[in-house]
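Subject: A structure for you to look at

Hello,

Here is the structure I promised to pass on to you. Please open it and keep it in view while you read my notes below.

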Amino acid sequence: MPRPGRVLISEAELQTRIAELGGEIARDLGRERPILVGVLQGAFVFMADLIRATPIDLTTDFIGVTSYAGARSSGQVRILSDLSVSIEDRAVVVVEDVVDTGLTLTYLKRTLEARHPRSLRVCVLVDKVERRAVDVRLDYVGFAIPNVFVVGYGFDYDGLYRNLPYVAALESD
Ligand code: IMP
């Protein structure tokens, strides 16, 4: 059974970097009352810390999408639970846990752009640059990491380990 192993991003490193990201978002969108859209489920822990590090008027919502498995994916991603409010003419920040191939985010951006937001930015905690299959613009990036499967701080393996306060590599024993 694979277990969380080496810590890649400690609790302190997470909080320091998230404070910086919140500061950047506040500087860029301070007057726009943005809506931060968390992508379920993985981003909910990051989202909770990020909004508390972003000292401006903002609102929040969540969107649930299917994750596909493997490189043979068609790139067709399905919305499992939609936003509860309109984003028309809103400054939107999509908050994602990880960008891997980039296919999920590309689909999501296309879907949200079609709803005519005033602006659409992306904030991602972890970027697996090596794995990118499609080019997608990221506005705020927490950490670039190598191609390892991670758990903790919202990241799961089979639903487990989201509650760890740090990001660790999944290791088999
Ligand atoms: P992408 O479409 O390939 O960029 O994949 C993004 C999705 O894959 C994420 O939203 C996660 O659900 C999942 N994922 C990718 N890498 C990891 C990981 O290391 N741990 C947990 N989930 C991951």
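What is the order of the strands in the open sheet of three strands? Reading across the sheet, you will find β1, then β9, then β8, and the pairing is antiparallel. Please keep in mind that this is a predicted model.

**The sheet**

The strands of a sheet are held to one another by backbone hydrogen bonds, and they can pair in a parallel or an antiparallel way. Here, β1 (3–9) and β8 (150–151) are the edge strands, each with pairing on one side only. Try following β1 over to β9 (residues 167–171): the two run antiparallel, and four bridges join them. If you want a spot to start from, pick I9, whose bridge partner in β9 is V167.

**The salt bridges**

How many salt bridges does the structure hold? There are 11, and I picked out three for you.

The first to look at is within helix α1 (residues 11–29), where E20 and R17 sit three residues apart, about one turn of the helix. Their side chains meet in a salt bridge, at 2.7 Å from N to O. Are these two residues buried or exposed? E20 has 41% relative accessibility, so this residue counts as partly exposed. R17, with a relative accessible area of 19%, is buried, because the cut-off for that label is under 20%.

Next, have a look at E32 and R118, which form a salt bridge with their closest N and O atoms 2.9 Å apart. E32 is in the loop between α1 and β2 (35–40), while R118 is in the loop between α3 (103–113) and β6 (119–127), so this pair ties together parts that lie 86 residues apart in sequence. Both ends are partly exposed: E32 has a relative accessible area of 27%, and R118 has 44% relative accessibility.

The loop between α1 and β2 also holds R33, which is linked to D57 in the loop between α2 (44–52) and β3 (59–65), 24 residues away. The closest N and O atoms of this salt bridge, R33 with D57, are 3.3 Å apart. D57 counts as partly exposed, at 48% relative accessibility.

Finally, which residues are joined into one network by salt bridges that share partners? They are R17, E20 and E24, so you will meet the R17 and E20 pair from helix α1 once more there.

Enjoy exploring, and write back with any questions!

Best wishes

Definitions and conventions
Residues are numbered from 1 along each chain as its sequence is written. This is a predicted model: local features need pLDDT of at least 70, side-chain atom pairs count only at pLDDT 80 or more; totals for chains, interfaces and linings use all residues. Side-chain values use heavy atoms; hydrogens and water are left out. Two strands pair if DSSP finds at least two bridges between them. A salt bridge is a side-chain nitrogen of Lys or Arg within 4 Å of a carboxyl oxygen of Asp or Glu. Buried means under 20% relative accessible area, exposed over 50%, partly exposed in between (1.4 Å probe, protein chains only).
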